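Today I sat down with a new model and my notebook. Here is what I looked up, entry by entry.

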Amino acid sequence: THWAQTVLPLKDPIRLSDCDAIKGRISMSRQESVHRSLDISVEYRCVVEGSEGPLVTQLYSIGVRD
């Protein structure tokens, strides 16, 4: 078994002082074309006073080099 740690940097930083909460989801799926490689999707939005801001989506491809 191979385990790894991965950092997923955001394109634009989130100012936590501007949000009451951050709502989001992380999804992963195995790439069909490359063994042991992943496609990762990060979706999030800022919540202020119960109102949700725009959805931001970032995609990452984590691969293994042979």
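**Entry 1: Glu 52 and its partners**

I started at Glu 52, which is partly exposed, with a relative accessible area of 37%. This is a predicted model, so I read each value as computed from predicted atoms. I found Glu 52 in a salt bridge with Lys 23, where the closest N and O atoms are 2.7 Å apart. That pair links distant parts of the chain, since Lys 23 sits in strand β1 and Glu 52 in strand β3, 29 residues apart. Lys 23 is partly exposed too, at 46% relative accessible area.

I then looked at Arg 45, whose side chain meets that of Glu 52 in a salt bridge of 3.1 Å, N to O. Salt bridges with shared partners join Lys 23, Arg 45 and Glu 52 into one network. Arg 45 is partly exposed, with a relative accessible area of 23%.

How many salt bridges does the structure hold? I noted 4. A reminder to myself: side chains of opposite charge can pair when their charged atoms come close.

**Entry 2: Glu 43**

Is Glu 43 buried or exposed? At 19% relative accessibility, Glu 43 counts as buried, because the cut-off for buried is under 20%. I placed Glu 43 in strand β2.

Glu 43 forms a salt bridge with Arg 25, with 2.7 Å between the closest N and O atoms. This pair also links distant parts of the chain: Glu 43 is in strand β2 and Arg 25 in strand β1, 18 residues apart. Leaving out residues up to four places away in sequence, I listed what Glu 43 touches: Lys 23, Gly 24, Arg 25, Leu 55, Val 56 and Thr 57.

**Entry 3: How the strands pair**

Next I followed strand β2, residues 38-48, through its pairings. β1 and β2 run antiparallel over 10 bridges. Within that pairing I picked out Ser 29, which stands opposite Asp 39 in β2, and Gly 24, which stands opposite Tyr 44 in β2.

β2 also pairs with β4 in the antiparallel sense, over 7 bridges. Here Tyr 44 has Val 56 of β4 as its bridge partner. Having met Tyr 44 opposite Gly 24 as well, I marked this residue in my margin.

The pairing of β2 with β3 is antiparallel over 2 bridges. Val 47 has Glu 52 as its bridge partner in β3, which took me back to the residue of my opening entry.

**Entry 4: The turn at Glu 49**

I looked at the hairpin of β2 and β3, which has 2 residues between the strands. Glu 49 lies in the loop between these strands. What caught my eye is its positive phi of about 50°, although Glu 49 is not a glycine. For context, most residues other than glycine have a negative phi. Glu 49 counts as exposed, at 73% relative accessibility.

**Entry 5: Pro 54**

Where is Pro 54? I found Pro 54 in the loop between β3 (51-52) and β4. Pro 54 counts as exposed, at 67% relative accessibility. Not counting residues up to four places away in sequence, Pro 54 touches Tyr 44 and Arg 45. The C-alpha atoms of Pro 54 and Tyr 44 are separated by 8.5 Å, with their positions 10 residues apart along the chain.

**Entry 6: Gln 58**

I moved on to Gln 58 in strand β4, residues 56-62. Gln 58 is buried, with a relative accessible area of 13%. Its side chain reaches the backbone nitrogen of Lys 11 at 2.8 Å. A polar contact of 3.0 Å also joins the side chains of Gln 58 and Tyr 60. Beyond neighbours within four places in sequence, the contacts of Gln 58 include Pro 9, Leu 10, Asp 12, Ile 40 and Val 42.

**Entry 7: The open side of β1**

How many of the 10 residues of β1 are buried? The number is 0, so β1 lies largely in the open. Ile 26 belongs to this strand, which covers residues 21-30. Ile 26 is exposed, with a relative accessible area of 58%.

I closed the day on a nonpolar surface patch of about 310 Å², made by Ile 26, Met 28 and Leu 38.

How values were computed
Residues are numbered from 1 along each chain as its sequence is written. This is a predicted model: local features need pLDDT of at least 70, side-chain atom pairs count only at pLDDT 80 or more; totals for chains, interfaces and linings use all residues. Side-chain values use heavy atoms; hydrogens and water are left out. Patches are made of residues with over 30% relative accessible area and no salt bridge: like charges are joined within 9 Å, nonpolar side chains (Val, Leu, Ile, Met, Phe, Trp, Tyr) within 5 Å. Accessible areas come from the Shrake-Rupley method with a 1.4 Å probe; for residues, only the protein chains shown count as cover. Helices (H or I, at least four residues) and strands (E, at least two) are DSSP runs, numbered from the N terminus. Buried means under 20% relative accessible area, exposed over 50%, partly exposed in between (1.4 Å probe, protein chains only). A polar contact is a pair of N or O atoms within 3.5 Å; within protein, one must be able to donate a hydrogen and the other to accept it, and residues adjacent in sequence count only if both atoms are side-chain atoms. Contact means heavy atoms within 4.5 Å. Two strands pair if DSSP finds at least two bridges between them.
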